[in-house]
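Here are a few exercises to work through with the model open beside you. Try each one before reading its solution.

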Amino acid sequence: MDFSTPELDKLAANVIPGDYFQLSAEDARDRYFADTRMLDGKQLAHNRFRTNPRSMVDHLLGQLALSGDEHLLDLGCGNGFVLEQLRPHLADGRIVGLDIAPGVLAAARQRMTGVATPCEWIEGSADDLGMLADESFDRITAIYMMHYVPDIDACLREAARVLRSGGRFILTTDRPDSMVEMFDVHFTAMKRMKAPPHLFKASPKARISLTNGQEQLAAHFGEVEMHTWQDQLRFAAVQPFLDFYAAHNYCCAASQPGDGLEPGFFTELRERVGDHVQHVIDQHGYFAVTKFTGSFVCGEPLR
Ligand SMILES: C[S@@+](CC[C@H](N)C(=O)[O-])C[C@H]1O[C@@H](n2cnc3c(N)ncnc32)[C@H](O)[C@@H]1O
């Protein structure tokens, strides 16, 4: 599926800032992933409103090439949404889920209660895997999480250390211009509100994206292959879009008035974004959000 058009490219060149937000580990743990609400909302929307019949997990399964008895480590496992779907493909294997946020980790544990595949849950930051033995996993996944990790290079080094020879490390991320239509309405509304300049930054995913990830990974893996796919979310009602928009960290709707903004700022921002999106829905039947996403599949860990 190819959703790219010259118009979208042009929009991205005008809309996506070069500078990006960076979240602290404390923000990730205590604010955005303190409970599962933000994550549940995003996962639901990505699945419910997609037009690509192949889901992210379908793509992932192709890249994991599981035979059923592998030991899998999932870094930033969140609420276990992905692990639940991988688990039937690991009937004779073993799963370790690691996450910095105890709230979402508890949800993952609960979700997997009673499954016969042995599961272990570790609370910690993915850049310190000191509790795990060298060469102890056949597969390691890092799904839309690496941009939160304080020390990305240390995390990749650790992943290479705990991966067995012949194993695969899979890192999933986006292109910086992914979901440009959402960022366009967001930045347009903020410009009209004369928002302060520090809010005009790209998503933290730009720290390790499909554009700059190859180089970072090649320092730790002899083999790095990029696999991309596209999708387009189509929202035919404004409220589900606004819920999705609000779940984006540091996309302003999820920030807090404590950031030096008037308390009414976010209400007005949401209203302006909602009005714009409603207008597009009235004209075209839906509001499209185009995703440029993919994975790096890495082997031959360098130690
Ligand atoms: C966008 S969610 C992705 C969750 C899951 N991988 C998925 O795709 O559904 C990012 C996850 O990374 C976790 N996270 C953030 N910083 C982390 C860190 N330093 N180490 C481990 N996990 C972290 C968050 O708590 C959150 O669960």
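**Exercise 1. The ligand shell**

How many residues surround the ligand, and which are the closest?

*Solution.* Keep in mind that you are looking at a predicted model. Start by collecting the shell: 22 residues surround the ligand, and the closest are Q43, G76, D99, S125 and A126.

Next, look for polar pairs. Q43 places a polar side-chain atom 2.9 Å from an oxygen atom of the ligand. The backbone takes part too: a polar backbone atom of A126 is 2.9 Å from a nitrogen atom of the ligand, and a backbone N or O atom of I100 lies 3.4 Å from a nitrogen atom of the ligand.

Now ask how well the ligand is covered. On its own it has 600 Å² of accessible area, and the protein covers 96% of this. Finally, sort the shell by element: helix 3 (37-48) and strand 2 (94-99) are the elements that give two or more residues to it.

**Exercise 2. Placing P150**

Find the loop that holds P150, then work out which residues P150 is in contact with beyond its neighbours within four places in sequence.

*Solution.* Begin with the chain path: P150 sits in the loop between strand 4 (137-143) and helix 7 (152-162). Then list its contacts outside that sequence window, which are A25, S125, D127 and R207. One of these, S125, is also among the residues closest to the ligand.

For a view across the sequence, take Q22: P150 and Q22 are 128 residues apart in sequence, and their C-alpha atoms are 9.2 Å apart in space. Last, check exposure. P150 has a relative accessible area of 46%, so it is partly exposed.

**Exercise 3. Two cysteines**

Decide how many disulfides the model has, and say whether C77 is buried or exposed.

*Solution.* First apply the cut-off: the two sulfur atoms must lie within 2.5 Å. The count comes to zero disulfides. For C77, the nearest cysteine sulfur is that of C119, 9.9 Å away, and C77 is in no disulfide. Seen from the other side, C119 is in no disulfide either, with the sulfur of C77 as its nearest at 9.9 Å.

Then turn to accessibility. C77 is at 7%, so it counts as buried. C119 is at 27%, so it counts as partly exposed.

**Exercise 4. Confidence**

Which element has the lowest mean pLDDT, and which the highest?

*Solution.* Start with the whole chain, which averages a pLDDT of 95, with 96% of the residues scoring at least 70. Then compare the elements: helix 2 (residues 25-32) has the lowest mean, 89, and strand 1 (residues 71-75) the highest, 99.

Definitions and conventions. Residues are numbered from 1 along each chain as its sequence is written. This is a predicted model: local features need pLDDT of at least 70, side-chain atom pairs count only at pLDDT 80 or more; totals for chains, interfaces and linings use all residues. Side-chain values use heavy atoms; hydrogens and water are left out. pLDDT is the predictor's confidence in each residue, from 0 to 100. Helices (H or I, at least four residues) and strands (E, at least two) are DSSP runs, numbered from the N terminus. Buried means under 20% relative accessible area, exposed over 50%, partly exposed in between (1.4 Å probe, protein chains only). Contact means heavy atoms within 4.5 Å. A residue is near a molecule or strand if one of its heavy atoms lies within 4 Å of it. A polar contact is a pair of N or O atoms within 3.5 Å; within protein, one must be able to donate a hydrogen and the other to accept it, and residues adjacent in sequence count only if both atoms are side-chain atoms. Accessible areas come from the Shrake-Rupley method with a 1.4 Å probe; for residues, only the protein chains shown count as cover.
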